[in-house]
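This report looks at the places in a protein where other atoms, or empty space, can be found. Please keep the sequence and the model in view while reading.

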Amino acid sequence: MKRYNSLSEVHQDLANGTTTCRDLVHYYLDNIERKKHLNAYLEVYAAEALAKADEVDQKLAHGTAGRLAGMVLGLKDVLAYQGHSLQSSSKILTGFKSLFTATAVQRLLDEDAIIIGRQNCDEFAMGASNETSAFGPTLNEADPTRVPGGSSGGSAVAVQADLCLASIGSDTGGSVRQPAAFCGVIGLKPTYSRISRYGLIAYASSFDQIGPITRSVDDAALLLEIMAGADDYDSTASRREVPAYSQLLENESEQKYRIGYISDTLENEGLDSEIRETIQGAIQNLREDGHTVESVDFHYLDYIVPTYYILTTAEASSNLSRFDGVKYGYRSGEATDLLSMYKKSRAEGFGHEVQKRIMLGTFVLSADYYDAYYTKAQKVRRIIKEKTEELLEQFDFLIMPTSPTTAFPLGGNPTDPLAIYLADIFTVQASLAGVPAISVPVGADKQGLPIGMQILTKSFAETKLLAFSKSVTEKIIITT
Ligand code: GLN
């Protein structure tokens, strides 16, 4: 069977009888089996996916199928799916099965998506390499000695290696965009609040967003359109009407835009020189295509990583307090009394990175240090948000590399804990500001490792963002 790059290609073949949903599921199941060593899936729902495929094939024959008929999807292990295990790639949720289905997932199921399995990720979505997973790292198909990025590493590799047509991940500070960049696929973080977080395991609630990882912008648009919108179960979900993103992509594709790039991002000393050249090449191509591209100053780049880590660890220390050995999953067998049960269950159940962040978050929220860290970081977040919004008044889009490096070697970072946090330098700006951002593949380095370009725009301007991204994927591929 051929490799499909978008749902519309699948739909064509379903319509002309070249394939069926059952064939598609078999195809992906075979690929998953053949590429098991990549460790992208924690669990595969083979029988269930085949049964659902038969049901959708029937519906197609009767003309009653939903918009996602033929879409074989994987879910990052942070999204609740009733009756299925849910662990956030953590030992602490061993044995836990979800009691309900996340709103976003339910909306996909209602449109006849076929869910093929649960995907590996960093533990509690904390990481940028998938190496904090209790189930071992996922490997990058472009070079299996390298990381896939994270935290949605399994989800990005599943799309890269053709183990499903699209994945649903989550992005708190880059977890959809950075692995998409490392794996040469598309990753969208929508505006904060665009998609309900009901049924998404919380990391840092004022940042978390669900987002699609796909091989085409059209599929990202359709998945967003279906998942987005108000939800009675999440009062923070926006009530704004959801545009028909997937229908609007062509309308704007000939528009000429004002685009800014932050000079410090391209001059950043940590930036890989091949990535710099690729983004400069993209800027050149955008100019030749009739867009205006100007350099701008943004003096807050040095503050965004510390601000992000203070606020997200603070929120995480509170969100993760629910995992206490009583209510869910793992309980230590060594406990002698109530307090030791809490302590031992958490010490044995959480991995090192998660424990480190809980402690850091508890520290910045402690009475003596609250104002020095947490309150101050809230103020800095406000400034970063306002300054980013000011730039997005001046420009239709901001572009920058998604990551300062291409996929790095497995096990390459442990000596310097700060180095791995700096991997997030370009993705966390959009997360602090709450604005939408996408990573699109624009080339590869000399070793064949994919390079992603990130595009940011104003809150709720996803239609414009997706239309422009589509034209970028069609026109702006750089070869170095
Ligand atoms: N790498 C970032 C972190 O470790 C982003 C994680 C995420 O977006 N979930 O926090």
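## Contacts with the ligand

A polar contact is a pair of N or O atoms within 3.5 Å; within protein, one of them must be able to donate a hydrogen and the other to accept it, and residues adjacent in sequence count only if both atoms are side-chain atoms. A polar side-chain atom of Tyr203 lies 2.8 Å from an oxygen atom of the ligand, and an N or O atom in the side chain of Tyr309 is 3.3 Å from a ligand oxygen atom.

The model is predicted, with local features needing pLDDT of at least 70 and side-chain atom pairs pLDDT 80 or more, while totals for chains, interfaces and linings use all residues. Residues are numbered from 1 along each chain as its sequence is written, and side-chain values use heavy atoms, leaving out hydrogens and water.

## The shell around the ligand

Of the 15 residues around the ligand (those with a heavy atom within 4 Å of it), Ala125, Thr172, Gly173, Ser175 and Tyr308 come nearest. The shell divides into six nonpolar, six polar and three charged residues, where Ala, Val, Leu, Ile, Met, Phe, Trp, Tyr, Cys and Pro count as nonpolar, Asp, Glu, Lys and Arg as charged, and the others, Gly among them, as polar.

## The classes in the pocket lining

The lining of the largest pocket has six nonpolar, seven polar and five charged residues; a pocket, on a 1 Å grid over the protein atoms alone, is an open set of points where a 1.4 Å probe fits, with protein on both sides within 12 Å along at least five of seven lines, and lining residues have an atom within 4 Å of a point.
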